[in-house]
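Visitor: I should like to learn how to read the features of a structural model. Please take me through them in turn.

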Amino acid sequence: LMSVAGPVEGPPSRLGIPIGDLAAGLFATQGILAALVARASTGRGQHVDVSMLDSVAALLTYHASAYLTTGEAPPRMGNGHASIVPYNTFKARDGLLMLAVGNDDQWRRFCIAAERPDLAADSRFATNAQRVRDRNTLEPLVQHIIEGRDRKDWVDRLGEAGVPCGVVRSIGEVLESPEIAARGMLAMVSHPTAGDLRLVAHPVKLSGVTSRPDTPPPLIGQHTEAILTEDLGLTTDVRADLRKRNIV
């Protein structure tokens with residue numbers, strides 16, 4: 001379990017991620033692929049309609065289901081979970097740790113690994129339903145426990161105990177991690193004006209092709225002529241007319 005970009009200090013705009021843009025692009029890709037499959041079987045094309053609003057609404061998942069089932073909107077809980085406790089980010093001695101105690105057995109194992117068997121025996125926290133009800137009492141106790149050790153110590157301890165947890169990494173920690181290197185997610189390309197650039201590769205890996213970029217981001221208009229001639233087959237006169245009218 002690896003969490004990225006948890007709570008940060010300072011204005012939220014510093015690490016703002018355009019989730020609406022990204023989600024809409026991903027859903028649009030799914031729609032395009034579905035349209036291609038439909039065309040292969042029916043011979044007819046499709047108009048793919050994807051909006052950012054629809055895409056973000058789809059990402060609400062179980063929060064949407066909770067509202068549609070009960071009519072009650074879930075409160076803002078940050079990184080916490082509405083129906084599982086403790087399931088949240090906690091401050092360890094050297095940074096943030098994501099803890100995901102998903103059931104009562106994991107809770108007992110967490111208490112043993114944390115050297116707090118008294119909490120496992122505490123009737124207030126015996127079941128997840130009780131822990132959810134008393135989250136305001138329990139989570140500060142868990143925070144006090146977690147802050148006594150480094151993140152790696154907790155990952156080792158809880159990993160051995162079978163309790164899901166993970167380090168909340170900074171952007172730099174993610175990109176410089178051995179996992180990213182092992183997955184080939186960084187690539188070096190040479191840019192004509194910016195020099196050597198390290199880029200993030202495409203996360204989808206196919207067995208027959210490479211997902212690593214072999215060319216740098218293009219300059220403005222760098223490929224316009226090739227696209228107009230080789231891809232679109234436009235004549236010299238048509239291309240000249242498009243330039244004259246400031247279309248390209």
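Guide: What follows goes from the overall form of the chain to its salt bridges and then to its backbone.

Guide: This is a predicted model, in which local features need pLDDT of at least 70 and side-chain atom pairs count only at pLDDT 80 or more, while totals for chains, interfaces and linings use all residues. Residues are numbered from 1 along each chain as its sequence is written, and side-chain values use heavy atoms, with hydrogens and water left out.

Visitor: How many helices and strands does the chain have?

Guide: Helices (H or I, at least four residues) and strands (E, at least two) are DSSP runs, numbered from the N terminus. Here the chain has twelve helices and six strands. Its radius of gyration is 25 Å, well over the 18 Å that the globule rule gives for 248 residues, so the chain is more spread out than a compact globule. That radius is taken over C-alpha atoms, and the rule is 2.2 Å times the number of residues to the power 0.38. The C-alpha trace spans about 85 × 45 × 40 Å along its principal axes.

Visitor: What share of the residues counts as buried?

Guide: Buried means under 20% relative accessible area, exposed over 50%, and partly exposed in between (1.4 Å probe, protein chains only). Of the 248 residues, 24% count as buried.

Visitor: How many salt bridges does a search of the whole structure find?

Guide: A salt bridge is a side-chain nitrogen of Lys or Arg within 4 Å of a carboxyl oxygen of Asp or Glu. The search finds 19 of them. One links Asp 156 to Lys 152, at 2.8 Å from N to O. Both residues lie in helix 8 (residues 151–161), four residues apart, about one turn of the helix. Asp 156 is partly exposed at 40% relative accessibility, whereas Lys 152 is exposed at 58%. Salt bridges with shared partners also join Glu 115, Arg 149, Asp 153 and Arg 157 into one network.

Visitor: Within that network, how far apart are the closest N and O atoms of Asp 153 and Arg 149?

Guide: They are 3.3 Å apart, in a salt bridge. Asp 153 counts as partly exposed, with 27% relative accessibility; Arg 149, with 19%, counts as buried. A further salt bridge brings together Arg 245 and Asp 241, at 2.8 Å from N to O. Asp 241 is partly exposed at 34% relative accessibility.

Visitor: Is Glu 139 buried or exposed?

Guide: Glu 139 is buried, at 16% relative accessibility, and belongs to helix 7 (residues 135–146). Setting aside residues up to four places away in sequence, Glu 139 touches Val 85, Asn 88 and Phe 90. Contact here means heavy atoms within 4.5 Å.

Visitor: What kind of peptide bond joins Val 85 and Pro 86?

Guide: That bond is cis, with omega about -5°. Pro 86 sits in the loop between helix 3 (61–70) and strand 2 (87–92).

Visitor: Where is Glu 115 found, and what is its phi?

Guide: Glu 115 is in the loop between helix 4 (104–113) and helix 5 (117–120). Its phi is near 60°, a positive value in a residue other than glycine. For Asn 246, phi is likewise near 60°. Asn 246 lies in the segment after helix 12 (236–244) and, at 69% relative accessibility, counts as exposed.
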